[in-house]
Amino acid sequence: MRAKTELPLSGRTAIVIGAGLGGLATALRLAARGCKVKVLEQGRTLGGKMNRWQSAGYTFDTGPSLITMPWIFHETFEAANSRLDEHIELVSMRPIMEAVFADGTRFIYSNSIPDWTATLKNLDPRDVDGFYRLMQLGARIYELSKETFLRNVPTAPPDVRSLRALRHFPLRHAWGNYDRVVCAHLKSPYLQQLFNRYPTYVGSSPYASPATLLVIPYIEYAFGGWYVKGGLYKIVEALLRLCDAAGVEVRTSAAVERITVTNGAARGVVLDNGEALPADIVVMNGDAACANTLLGKDEGVDRAQERSMSGVVLLIGVRRRMQSLHHHTVYFSSDYRNEFTDLFERRRFPEEPTVYVSAPSLADRSLAPEDGEALFVMANAPATGEDNWDSQLCELRSRMLGTLRRGGLILNDGDTVTEQISTPRTFAKRYLMPGGAIYGTHSHGWRKAFLRPSNKDKRVRGLYYVGGSTHPGGGTPTVLLSAKITAGLVELHERA
Ligand SMILES: Cc1cc2nc3c(=O)[nH]c(=O)nc-3n(C[C@H](O)[C@H](O)[C@H](O)COP(=O)(O)OP(=O)(O)OC[C@H]3O[C@@H](n4cnc5c(N)ncnc54)[C@H](O)[C@@H]3O)c2cc1C
């Protein structure tokens with residue numbers, strides 16, 4: 001082991017603005033390089049969107065309910081000189097989900113090849129071949145992006161390995177429109193709708209995204225969806241323990257109002273109470289769209305048309321066991337295209353929303369009392385931080401529960417022990433995300449999908465970005481990759 005003084009960032013100090021997953025992972029990676037790190041979180045809780053709500057004996061994850069690419073989580077713990085399985089237990093989710101459609105059709109989307117092939121045959125025999133060709137396309141996009149996009153900043157010149165990968169890029173379909181490529185491969189309207197849901201994992205519409213996003217269903221099918229025993233918030237608790245052990249100082253209720261810049265270089269931050277904190281390096285984990293405000297440049301904060309989707313989330317603790325449910329169930333609307341027109345063009349909550357239900361307490365009894373279930377119920381919503389969300393709460397809830405009722409899931413008020421509702425406005429205020437957009441900007445068109453805000457500021461030396469609003473994008477594994485890229489850039493540019 002090298003002595004501490006030999007570490008590349010020894011003697012350097014860093015401030016991370018925000019204690020989201022990306023902020024904590026970056027803090028750990030910088031501390032492991034010898035940097036003295038402070039994390040400043042404006043909220044009263046830590047973890048950002050990966051958070052927890054506990055009430056009346058029920059425990060809910062308020063954000064992510066599913067993780068993919070588990071090896072990236074392992075890498076994060078290893079970078080902090082630890083091991084993931086010493087802290088948390090990852091559980092593979094089988095089957096992937098149950099899909100329920102407006103006409104009553106329902107089936108299990110399984111990652112068991114024989115079971116899923118039988119389901120495909122039943123839906124439309126031509127789709128057996130179509131599905132595996134679609135996955136092959138996703139695999140090729142994955143192979144290319146893992147060498148280039150996912151582990152590097154896009155402005156970095158491609159190395160020999162990525163050029164070799166580029167030779168195999170499936171040009172015919174990959175740059176086309178996502179929905180069109182799905183429909184060219186799958187004939188069953190149910191399968192088309194099921195696969196068109198994947199761009200929503202990055203807050204985008206299937207009708208406007210490039211087919212490169214087929215990498216998302218491929219990753220889920222090939223490597224599985226994963227859950228953390230005790231709830232995903234256990235990841236945040238583990239990262240906080242590692243921060244503590246590494247000497248990273250983490251503060252709550254510490255809202256950064258300004259990034260101090262002298263002679264073109266970041267020199268620290270000023271909090272909303274006037275406290276000035278100096279640092280050699282500043283890493284912004286809050287939404288990158290807010291950086292200009294913190295730099296005193298009042299421009300481009302609310303480019304509403306470019307924002308990814310937000311959501312309406314109901315956390316419901318019910319006094320009833322619901323063993324016929326699956327861990328993940330999606331209740332689809334009858335007109336998916338119209339739903340996305342509502343979300344992105346009319347910019348309103350859909351009349352008939354598709355609703356996702358996660359019921360982790362079915363298998364993880366630590367989350368609910370003996371006679372109950374803890375349900376996470378979510379519908380997509382436009383990223384508009386307007387005030388009128390609060391006056392629509394009853395209507396939003398009733399539309400979501402209406403979709404569930406039509407799909408056979410009846411949630412009676414009499415069974416509800418505890419409930420919380422969050423709207424785009426809640427998310428916007430809670431995490432300072434313009435419009436409550438969960439994934440920063442949307443991925444419509446290949447430029448938006450691939451050229452996300454960079455992890456290093458081009459104007460201010462010593463200022464870096466990490467998290468879902470920056471490269472390589474939103475979702476927990478990509479946020480952890482973002483932390484790896486950002487910490488690498490800091491080492492490259494700031495080493496003593
Ligand atoms: C409802 C919901 C469901 C989701 N489902 C999934 C899922 O199933 N799977 C998945 O992989 N991902 C999912 N996600 C996305 C995932 O949660 C995010 O991509 C990830 O957690 C974002 O981490 P982050 O580091 O980018 O930042 P954030 O979690 O946004 O954290 C940024 C932090 O910075 C703080 N901050 C901002 N400005 C300031 C300031 N000026 N001063 C101090 N602090 C500041 C904020 O308060 C916040 O805590 C979901 C998100 C939500 C909301």
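A residue is counted as near the ligand if one of its heavy atoms lies within 4 Å of it. The structure described here is a predicted model, and the surroundings of its ligand are a good place to begin reading it.

**Around the ligand**

There are 34 residues around the ligand, and among these Gly22, Glu41, Gln42, Gly468 and Thr476 come nearest. Sorted by class, the residues of this shell divide into 16 nonpolar, 15 polar and three charged. Some backbone atoms of the protein lie at short listed distances from oxygen or nitrogen atoms of the ligand, as the table sets out.

| Residue (backbone atom) | Ligand atom | Distance |
|---|---|---|
| Lys49 (N or O) | oxygen | 2.7 Å |
| Leu66 (N or O) | nitrogen | 2.8 Å |
| Gly468 (polar atom) | oxygen | 2.7 Å |

Taken alone, the ligand exposes 1,000 Å², and the protein buries 94% of that area. Which elements give two or more residues to the shell around the ligand? They are helix 1, which covers residues 21-32, helix 14, which covers residues 424-431, and helix 16, which covers residues 476-494. Of these, helix 16 gives the most, with three residues.

**Helix 1 and its contact with helix 2**

Helix 1, which contributes to the ligand shell, also meets another helix of the model, for its axis and that of helix 2 (residues 70-79) come within 9 Å and cross at roughly 40 degrees. Because of that crossing angle, helix 1 is oblique to helix 2. On the side of helix 1 the contact is made by Ala25, Arg29 and Ala32, while helix 2 brings Glu75, Thr76 and Ala79 to meet them. By class, this contact holds three nonpolar, one polar and two charged residues.

**Backbone details in the loops**

Where in the chain are the cis peptide bonds from Arg94 to Pro95 and from His471 to Pro472? Pro95 is found in the loop between strand 5 (90-93) and strand 6 (97-100), and the bond that leads into Pro95 from Arg94 has an omega near -5 degrees. Pro472 lies in the loop between strand 19 (463-465) and helix 16, and the bond from His471 to Pro472 has an omega near 0 degrees.

Another backbone detail concerns Met69, whose phi is near 45 degrees, a positive value in a residue other than glycine. Met69 is found in the loop between strand 4 (58-61) and helix 2, the helix that meets Ala25, Arg29 and Ala32 of helix 1.

Notes:
Residues are numbered from 1 along each chain as its sequence is written. This is a predicted model: local features need pLDDT of at least 70, side-chain atom pairs count only at pLDDT 80 or more; totals for chains, interfaces and linings use all residues. Side-chain values use heavy atoms; hydrogens and water are left out. A polar contact is a pair of N or O atoms within 3.5 Å; within protein, one must be able to donate a hydrogen and the other to accept it, and residues adjacent in sequence count only if both atoms are side-chain atoms. Accessible areas come from the Shrake-Rupley method with a 1.4 Å probe; for residues, only the protein chains shown count as cover. Helices (H or I, at least four residues) and strands (E, at least two) are DSSP runs, numbered from the N terminus. Ala, Val, Leu, Ile, Met, Phe, Trp, Tyr, Cys and Pro count as nonpolar, Asp, Glu, Lys and Arg as charged, and the others, Gly among them, as polar. Axes are lines fitted to C-alpha atoms, for helices over the stretch in contact, and angles run from 0 to 180 degrees between N-to-C directions. Angles under 35 degrees count as roughly parallel, over 145 as roughly antiparallel, 65 to 115 as roughly perpendicular and the rest as oblique. Contact means heavy atoms within 4.5 Å.
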